[in-house]
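Q: Please take a close look at strand pairing in this model, and describe the surroundings for a reader who is new to it. A formal, connected account would be welcome.

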Amino acid sequence: MINIRERMEHYRIAGLSLVAIDKGKISNIGHFGVLEAGTDKKVNEHIVFNACSISKFLTSILVMKLVEQGMVDLDEDVNKKLVSWKIPDNPLTKHKKVTLRNLLCHQSGIVDPEGSFLELESFHEIPSMVEILNGTTPYCATSIEVTSEPESEFHYSDAGFCLIQLLIEDITQKPFSHLMDNIIFKPLCMTNSTFSTSLSTSNLDNFACGHDRNGALMPGNYSIYPYIAACGIWTTPSDLTKLLLDVMTVVKGQSKIGITTKQLNELCRPQGCKEWAGLGVYLDGTGEKLEFSSLGWGTGFQCMLVAYPHLEQGLIMMTNTDTGTHQMKGIMGEIYHSHY
């Protein structure tokens with residue numbers, strides 16, 4: 001095992017929390033540093049980090065549950081059930097319509113406009129999803145449209161997950177946060193998980209503050225994103241571990257949230273034009289050594305989730321520092337390679 005405190009100092013990481021899983025059980029827990037630079041507020045298992053785009057992994061799990069319930073269809077034209085907003089038809093969608101599967105694996109033909117999907121400027125001015133998709137807010141200044149034929153190219157897309165959120169809310173007539181809470185958080189007792197748009201400035205004692213690559217506090221301290229299905233979940237490695245362990249019990253038929261082997265296989269199957277693209281996760285390896293991963297990288301935060309579902313191994317790492325470099329090229333890559 002590497003000297004984590006020494007490597008944190010090298011990379012100027014303010015705080016780090018991790019949980020490792022082996023043989024279907026927690027094998028290592030570590031909490032290091034502080035939740036706010038210049039203070040003695042130490043990171044512990046209850047300190048909540050911005051999970052950023054790991055939200056997409058949780059969204060995919062939620063979608064698979066709704067598929068099982070017959071609420072949504074992975075391969076149906078999403079415009080058939082979208083009510084509040086429709087993907088504009090154009091020549092690129094004439095022969096291939098955008099599906100939920102396309103959106104989950106970032107192959108819908110939708111490309112995020114440059115400089116879009118940044119953090120919220122004010123707690124008190126949260127734009128609607130329709131306003132965002134119409135391009136009438138600072139968070140997405142151009143209306144969303146298909147710019148390449150669906151399934152022909154991979155383009156990582158927050159807009160795609162905004163569409164997933166809107167589709168789910170249109171169909172169920174319930175807030176996305178309500179569904180995630182009832183279908184995933186509560187059954188797994190993920191009591192330290194919440195959504196960025198639900199944060200209150202008066203109750204942030206257990207929330208890590210964001211820091212830049214030099215270890216300095218970010219302006220505003222907390223990264224709030226109004227697109228929660230894409231990047232709005234705040235949580236802890238311990239809470240995410242509960243979800244990973246539940247996914248790993250699927251083969252034994254013991255999932256508390258009712259995920260099935262069929263759903264797990266669908267999630268971890270190469271999709272469309274990229275063999276490494278699963279549904280909301282990245283893939284590596286095959287068979288028993290199949291690995292899926294999810295990365296989170298936002299203003300002041302970086303995190304990483306890796307799982308080998310068949311080997312019942314996993315690793316979750318969260319930091320409150322944006323190092324400016326890819327997770328695998330920094331401290332998380334070093335920790336990952338010390339485990340696998």
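A: **The sheet and its surroundings**

S17 has H31 of β2 as its bridge partner. The model is a predicted one, in which local features need pLDDT of at least 70 and side-chain atom pairs count only at pLDDT 80 or more, while totals for chains, interfaces and linings use all residues. Residues are numbered from 1 along each chain as its sequence is written, and side-chain values use heavy atoms, with hydrogens and water left out.

The S17–H31 bridge belongs to a longer run: β1 and β2 are joined by eight bridges in the antiparallel sense. Strands here (E, at least two residues) and helices (H or I, at least four) are DSSP runs numbered from the N terminus, and two strands pair if DSSP finds at least two bridges between them. In general, the strands of a sheet pair through backbone hydrogen bonds, either parallel or antiparallel. β1 and β2 make a hairpin with two residues between the strands. K23 sits in that turn and has a positive phi of about 55°.

On which strand does the bridging of β1 continue? Strand β9 (residues 313-319) is also a partner of β1, and the two pair in the antiparallel sense over six bridges. In this pairing, L16 stands opposite T319 of β9.

These pairings are part of an open sheet of six strands, which follow the order β2-β1-β9-β8-β7-β6 with antiparallel pairing. Two strands, β2 (25-33) and β6 (282-284), form the edges, each pairing on one side only. From one strand to the next, the twist averages 15°. At the β6 edge, three bridges join β6 to β7, and the two strands run antiparallel. One position in β6 can be named: L283 has F292 of β7 as its bridge partner.

A helix packs on this sheet. α1 touches β1 and β2, and its direction makes about 45° with that of β2. Such angles, from 0 to 180 degrees, are taken between N-to-C directions of axes fitted to C-alpha atoms, for helices over the stretch in contact. The loop between α1 (4-11) and β1 (15-22) contains R12. R12 has a positive phi of about 60° although it is not a glycine. In general, most residues other than glycine have a negative phi. R12 counts as partly exposed because its relative accessibility is 46%, and the class lies between buried, under 20% relative accessible area, and exposed, over 50% (1.4 Å probe, protein chains only).

How covered is β1? The strand is mostly covered, since seven of its eight residues are buried. Helix α8 (residues 237-248) supplies one neighbour of β1, namely T241. T241 itself is buried, with a relative accessible area of 1%. Apart from residues up to four places away in sequence, T241 touches V19, I21, I26 and I316, where a contact means heavy atoms within 4.5 Å. V19 and I21 fall in the range of β1 (15-22), I26 falls in that of β2 (25-33), and I316 falls in that of β9 (313-319).

A second residue of α8 has other partners. D239 lies in the helix and counts as buried at 2% relative accessibility. Leaving aside neighbours within four places in sequence, D239 is in contact with C189, M190, T191, N192 and S193.

Helix α10 (residues 331-339) also meets β1. The buried residues of α10 are I331, M332, G333, I335 and Y336. Their cover includes α1, β1, β7, β8 (301-308) and β9. Thus β1 appears among the elements that cover α10, as well as in the pairings with β2 and β9.

One further loop residue may be set beside R12. Q173 lies in the loop between α5 (158-172) and α6 (176-185). Q173 is likewise a residue other than glycine with a positive phi, here near 60°. At 65% relative accessibility, Q173 counts as exposed, whereas R12 at 46% counts as partly exposed.
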